[in-house]
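Student: I have a structure open beside its sequence, and I would like to learn how to read it step by step. Could we begin with the ring-bearing side chains and then move on to the strands?

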Amino acid sequence: MISISLLGVPQILRDDQPLTITRKKSRAVLYYLAAHDKPLTREQILVVFWPDSDRIAAQQVLRTTLHGLRQSLGAALITDENTLSVAPDTDIDVRTFEANLQRPTSNFQSPASTSSIELLTSTLQLYRGDFLTGFAFGDSAEFDDWVTERQEHYRRLAIRGFIALAAHYEQAQVYAAALETLDRALALDPLQEDVQRSALRLHYLAGDRPGAIRRYEALRQ
């Protein structure tokens with residue numbers, strides 16, 4: 001069983017034990033494939049990772065890279081003549097994270113229920129930090145730009161999830177938990193005025209006027 005975690009410091013596990021892939025470019029290729037839920041063509045990979053290399057030489061290096069990855073990943077890496085992918089039954093955190101949070105906003109506004117709170121809580125626990133935290137590649141501007149875009153995308157999804165979870169707690173009148181959850185959203189982007197207003201309202205509902213004033217002054221400063 002292969003598990004790939006890309007939120008926070010990336011981790012690769014095989015049967016719950018760390019799996020070491022020595023070559024940085026091999027790891028980068030794996031992370032790129034794992035974050036896509038559909039197969040990618042070999043040409044797409046070549047364009048991202050070997051844009052300036054001679055095509056025949058780059059194809060040979062890619063074959064060598066895939067051979068090494070197959071030795072580590074086994075059937076979790078799917079290759080054919082034209083496309084590459086990570087097997088859909090592989091445990092990949094970003095796929096679960098996105099599937100659970102990339103929903104119509106109305107789905108998050110239903111009355112609070114134990115199941116919806118549990119789903120949001122377990123999903124948000126996957127967010128250990130920004131996408132590929134600490135993974136400095138530097139050999140491909142296109143890969144680095146993609147990482148930056150994905151970091152912002154998953155950060156926005158996390159904020160969306162924290163706001164939805166806080167709304168469920170507020171409906172259940174568990175104001176302390178709602179405030180704590182909104183603070184997690186604000187830690188990712190403190191200048192969200194709508195979220196700050198919601199936090200001020202929660203202080204009021206909880207009877208915490210001094211806390212509301214402190215928060216307002218901190219935001220104003």
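Student: How many aromatic pairs does the structure hold?

Tutor: Please keep in mind that this is a predicted model. Two rings count as a pair if their centres lie within 6.5 Å, and one such pair is formed by Tyr32 and Phe49, at 5.6 Å centre to centre. The number of aromatic pairs in the structure is 15.

Student: Is the pair of Tyr32 and Phe49 stacked or edge-to-face?

Tutor: The angle decides this, because planes under 30 degrees apart count as stacked and those over 60 as edge-to-face. For Tyr32 and Phe49 the angle between the planes is 90°, and the pair is therefore edge-to-face.

Student: How many residues apart in sequence are the parts that Tyr32 and Phe49 tie together?

Tutor: Tyr32 belongs to helix α1, residues 24–35, whereas Phe49 belongs to helix α2, residues 42–49. Both of these residues are buried. Because the two rings sit in separate helices, their pair ties together parts of the chain whose separation in sequence is 17 residues.

Student: Where does Phe137 lie, which forms an aromatic pair with Phe49?

Tutor: The rings of Phe49 and Phe137 are 6.0 Å apart centre to centre, with 75° between the planes, and this pair is edge-to-face. Phe49 lies in helix α2, so the pair ties together parts that are 88 residues apart in sequence, and Phe137 itself lies in the loop between α5 (114–124) and α6 (141–171).

Student: Does Phe137 count as buried or exposed?

Tutor: A residue is buried when its relative accessible area is under 20%. Phe49, with 2% relative accessibility, counts as buried. Phe137 has 9% relative accessibility, so this residue also counts as buried.

Student: Which helix gives the most to the largest nonpolar core?

Tutor: That core has 63 residues, and those with the most contacts inside it include Phe49, Phe97, Phe131 and Phe143. Leaving aside neighbours within four places in sequence, Phe143 is in contact with several residues, among them Tyr32, Phe49 and Phe137. The helix that gives the most to this core, with 12 residues, is α6.

Student: Over the ring of which residue does the charged end of Arg150 sit?

Tutor: The ring in question is one of those that ring pairs link into a cluster, which also includes Trp146 and Phe143. The charged end of Arg150 sits 5.4 Å from the centre of this ring, and the ring belongs to Tyr154.

Student: Turning to the strands, which residue in β2 stands opposite Ile4?

Tutor: Strand β1, residues 2–5, is covered on both faces, with Ile2 and Ile4 on one side and Ser3 and Ser5 on the other, all of them buried. β1 runs antiparallel to strand β2, residues 11–14, and 4 bridges join them. The two strands form a hairpin with 5 residues between them, and the residue opposite Ile4 is Ile12.

Student: Do β1 and β7 run parallel or antiparallel?

Tutor: β7 covers residues 91–92, and 2 bridges join this strand to β1. Within the pairing, Ser3 stands opposite Asp91. The direction in which β1 and β7 run is parallel.

Student: Which are the edge strands of the open sheet formed by 3 strands?

Tutor: The order of this open sheet is β4-β6-β5, and its pairing is antiparallel. Helix α1 lies across these strands, at about 80° to β6. Each edge strand pairs on one side only, and the two are β4 (40–41) and β5 (77–79).

How values were computed
Residues numbered from 1 in each chain as written. Predicted model: local features only at pLDDT ≥ 70, side-chain atom pairs only at ≥ 80, totals over all residues. Heavy atoms only, no water. Helix = DSSP H or I, 4+ residues; strand = E, 2+ residues; numbered from the N terminus. Buried < 20%, exposed > 50% of the residue type's maximum accessible area, 1.4 Å probe, protein only. Lys NZ or Arg CZ within 6 Å of the ring centre and 35° of its normal. Pairing = 2+ DSSP bridges. Contact = heavy atoms within 4.5 Å. Axes fitted to C-alpha atoms, helices over the stretch in contact; angles between N-to-C directions. Core = buried A, V, L, I, M, F, W, Y, C linked by side-chain atoms within 4.5 Å.
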